[in-house]
Amino acid sequence: RNFYYITMLRDPVSRYLSEWKHVQRGATWKTSLHMCDGRSPTPDELPTCYLGDDWSGVSLQEFMDCGYNLANNRQVRMLADLSLVGCYNLTFMNESERNMILLQSAKNNLKNMAFFGLTEFQRKTQYLFERTFNLKFISPFTQFNITRASNVDIDEGARKRIEVLNFLDMQLYEYAKDLFLQRFQYSKQEEHQKNRQKRREERRLLREQRVHQWQKEEAAAEIAVTEDYNSQVERW
């Protein structure tokens, strides 16, 4: 069977704040095995950020202060091939090399997916999805600008800290947005050209029909004139 891989990306700051609020309400990823190269990471490779059953009530500061928080650069990590960097073993290579490989891998995988969309561009995402898979949704996508993340009031310092913590996601998102808008513009131009070609073909067919109709009318008129002449000759 053919499988088509698709994904949705989100503005990294909004996504991070949304995950923080989600965790604050008691969400966990305890059942996630984080499998890579056939095994899960050891506790030393992936320590937890909290003790107990969950991280309910965690403050944003505490959330940002945990160096092992998987919310950091989550989009790059989930799109990249972690086996290229030794999975969760941070001693496999130096940090700068690891980051460069992860980011490039995430970009390559995103580019090669059948489709990806952006949460911040719902209508454009719908348009590209429908064009890609030749499907039509029964109702238009809705752009919700008011979310749990948008309702979080943070100062500029906290925002900058989140951007630093998610510096790989920030770069990936800029790349994704540029590629997404390029694909959207290309699809729009392609649609415009096809529509123009369709209208041109329709006008050509209409002209041919008119010419054919005119020729039929001319032929009918000639036959009528000939029959009238012949009847006059017989009368004479």
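Reader: Which two helices flank the loop that holds Asp155?

Author: This is a predicted model: local features need pLDDT of at least 70, side-chain atom pairs count only at pLDDT 80 or more, and totals for chains, interfaces and linings use all residues. Residues are numbered from 1 along each chain as its sequence is written, and side-chain values use heavy atoms, without hydrogens and water. Helices are DSSP runs of H or I with at least four residues, strands are E runs with at least two, and numbering starts at the N terminus. The loop with Asp155 sits between α5 and α6 (156-165).

Reader: Is Asp155 buried or exposed?

Author: Buried means under 20% relative accessible area, exposed over 50%, and partly exposed in between, with a 1.4 Å probe and protein chains only. Asp155 has a relative accessible area of 52%, so it counts as exposed.

Reader: How far apart in space are Asp155 and Lys216?

Author: In sequence, 61 residues separate Asp155 and Lys216. From C-alpha to C-alpha, the distance is 79 Å.

Reader: What span should α5 have, and what does the model give?

Author: Helix α5 covers residues 122-133, twelve in number. The expected span is 1.5 Å times one less than the number of residues, so α5 should span 16 Å. The model agrees, because the end C-alpha atoms of α5 are 16 Å apart.

Reader: Which residue just after α5 takes a positive phi?

Author: Most residues other than glycine have a negative phi. Just after α5, a phi of about 55 degrees belongs to Asn134.

Reader: Is Cys87 buried or exposed?

Author: Cys87 is in the loop between α3 (74-79) and α4 (95-112). Its phi is positive, near 60 degrees. The relative accessible area of Cys87 is 6%, so this residue is buried.

Reader: Is Asp37 buried or exposed?

Author: Asp37 is in the loop between α1 (12-24) and α2 (60-65). Its phi is positive too, about 55 degrees. With a relative accessible area of 63%, Asp37 is exposed.

Reader: In what order do the elements of the protein chain run?

Author: The chain has seven helices and two strands. From the N terminus on, the order is β-α-α-α-α-β-α-α-α.

Reader: What is the radius of gyration of the protein chain?

Author: The globule rule is 2.2 Å times the number of residues to the power 0.38, which gives 18 Å for 236 residues. The chain is more spread out than a compact globule, because its radius of gyration is well over that value. Taken over C-alpha atoms, the radius is 31 Å.
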